[in-house]
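The following note is meant for someone opening this entry without prior knowledge of it. Please read the points with the structure in view.

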Amino acid sequence: MSDLEDIGRHINDRISSLWRTLDLSVVVPQLPQSNIKKLIQEVLTIEGLYHEFEKSVDRQNEQLKCLQEFVGSFQHDCESLQHLKDNVPMHMPNRENEPSPNQNIPAETQPSQQGNPCKKIEVKQMEFVTMLEFENIPQYMKGRLTYEQLNTAVRKVNEAVSGKYKITRQSTKSLNNSTRKLYQRFKDEETKDTKGRFFVVQEDLLEFSQIKMDKRFQGILSMLRHCRRLRDMRGGSITRYFIL
């Protein structure tokens, strides 16, 4: 902008000088030929400056147009980002320092039997189903279930897993009567096949996540098996759902 102003002032100064010269020509009717040539040359110079001024204005207008388009695009991107931020799915992390649901959750620390320092034992969590995996699930399995509903079920299963193993990692002396009963049930449900593996049963899902064990949830379990998120094993009159 300062360049345009400088050019404008320069042109105005040249025009003012030209007008003064023409005013003097009234006083001196017959100007020397050399002065007339200088006037003509000055007019041509001013005309050239004027054309350069117009070109500079056109360039500035083009830059302004590009900047306006950029601002519009930037505002649109900001609105899109704000919409994404305001509509983060429930199964996605959306807070700083909040652990991702797909990460394994450290369980309560347990002292080593050899007297070594305590170490954390991680509780395996079921990974959320990706959109690509959801689209590859056969339609007869999905029915009217949405992607969001399926991952909501994954989140609830993870809540049950976390709730169960939080209790199993606690000292029995710190448990109250109700949690001590749960603790004993958890231990009774373990077998040699469950050693080192994480699983829940129907009672755990009802206790920690209030999942309705209806036909719809049975369909969800089928989809999770299809996506290799869990595997069930029947035995001792109960079904164990192992997290893969």
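1. Helix H8 and its surroundings. The model is a predicted one. In it, the buried residues of helix H8 pack against three helices and two strands: H4 (139-142), H5 (147-168), H7 (202-209), E4 (230-235) and E5 (238-243). The residues concerned are Phe217, Ile220, Leu221, Met223 and Leu224. They sit on the same side of H8, because the arc they cover around the axis is only 160°. The general background is that an α-helix has 3.6 residues a turn, so residues three or four places apart point the same way.

2. Length and end of H8. The helix runs over residues 215-226, twelve in number. From first C-alpha to last it reaches 17 Å, close to the 16 Å expected at 1.5 Å a residue. Just after H8, Arg228 has a positive phi of about 60°.

3. Overall make-up. The chain contains eight helices and five strands. Read from the N terminus, their order is α-α-β-β-α-α-α-α-β-α-α-β-β. The chain has 244 residues, of which 26% count as buried. Among contacts with a separation of 6 or more, 61% are between residues 24 or more positions apart.

4. The main core. How many residues does the largest nonpolar core have? There are 30, and Leu150, Val157, Ile220 and Leu224 have the most contacts inside the core. H5, E3, H8 and E5 are the elements that give two or more residues to this core. The largest share, seven residues, comes from H5. Val157 is in contact with Met126, Leu205, Ile211, Phe217 and Ile243, when its neighbours within four places in sequence are left aside. Two of the residues with the most contacts in the core, Ile220 and Leu224, also appear among the buried residues of H8. As a general remark, nonpolar side chains in soluble globular proteins tend to be buried together.

5. A second core. Separate from the main core is another of five residues, including Ile167, Leu175, Leu182 and Phe186. Leu182 and Phe186 are also listed among the buried residues of H6.

6. Helix H6. The twelve residues of H6 should span 16 Å at 1.5 Å a residue, and the end C-alpha atoms are 17 Å apart, which agrees. Which residues of H6 are buried? They are Thr179, Leu182, Tyr183, Arg185 and Phe186. These residues line one face of the helix, because seen down the axis they fall within an arc of 165°. H5 and H7 are included in what covers them. On the other side of H6, Asn177, Lys181 and Asp188 are exposed.

7. An edge-to-face pair. The whole structure holds five aromatic pairs. One of them is formed by Tyr165 and Phe198, which are 4.9 Å apart centre to centre with 75° between the planes, an edge-to-face arrangement. Tyr165 belongs to helix H5 and Phe198 to the loop between helix H6 (177-188) and strand E3 (199-200), so the pair ties together parts that are 33 residues apart in sequence. Tyr165 and Phe198 are both buried.

8. A tilted pair with charges over its rings. Phe199 and Phe242 form an aromatic pair with 5.4 Å centre to centre and 45° between the planes, which is tilted. The pair links strand E3, which holds Phe199, to strand E5, which holds Phe242, across 43 residues. Phe199 counts as buried because its relative accessibility is 1%, and Phe242 is buried at 0%. Each ring has a charged end over it: that of Lys164 is 3.6 Å from the centre of the Phe199 ring, and that of Arg197 is 4.0 Å from the centre of the Phe242 ring.

9. A buried acidic residue. Is Asp204, in helix H7, buried or exposed? With a relative accessible area of 0%, Asp204 is buried. Not counting residues up to four places away in sequence, Asp204 touches Ala160, Lys164, Arg185, Phe186, Glu189 and Ser209. Of these, Lys164 is also the residue whose charged end sits over the ring of Phe199, while Arg185 and Phe186 are among the buried residues of H6.

Methods:
Residues numbered from 1 in each chain as written. Predicted model: local features only at pLDDT ≥ 70, side-chain atom pairs only at ≥ 80, totals over all residues. Heavy atoms only, no water. Helix = DSSP H or I, 4+ residues; strand = E, 2+ residues; numbered from the N terminus. Expected span 1.5 Å × (residues − 1). Buried < 20%, exposed > 50% of the residue type's maximum accessible area, 1.4 Å probe, protein only. Arc of directions from axis to C-beta. Contact = heavy atoms within 4.5 Å. Phe/Tyr/Trp six-rings, centres within 6.5 Å; stacked < 30°, edge-to-face > 60°. Lys NZ or Arg CZ within 6 Å of the ring centre and 35° of its normal. Core = buried A, V, L, I, M, F, W, Y, C linked by side-chain atoms within 4.5 Å.
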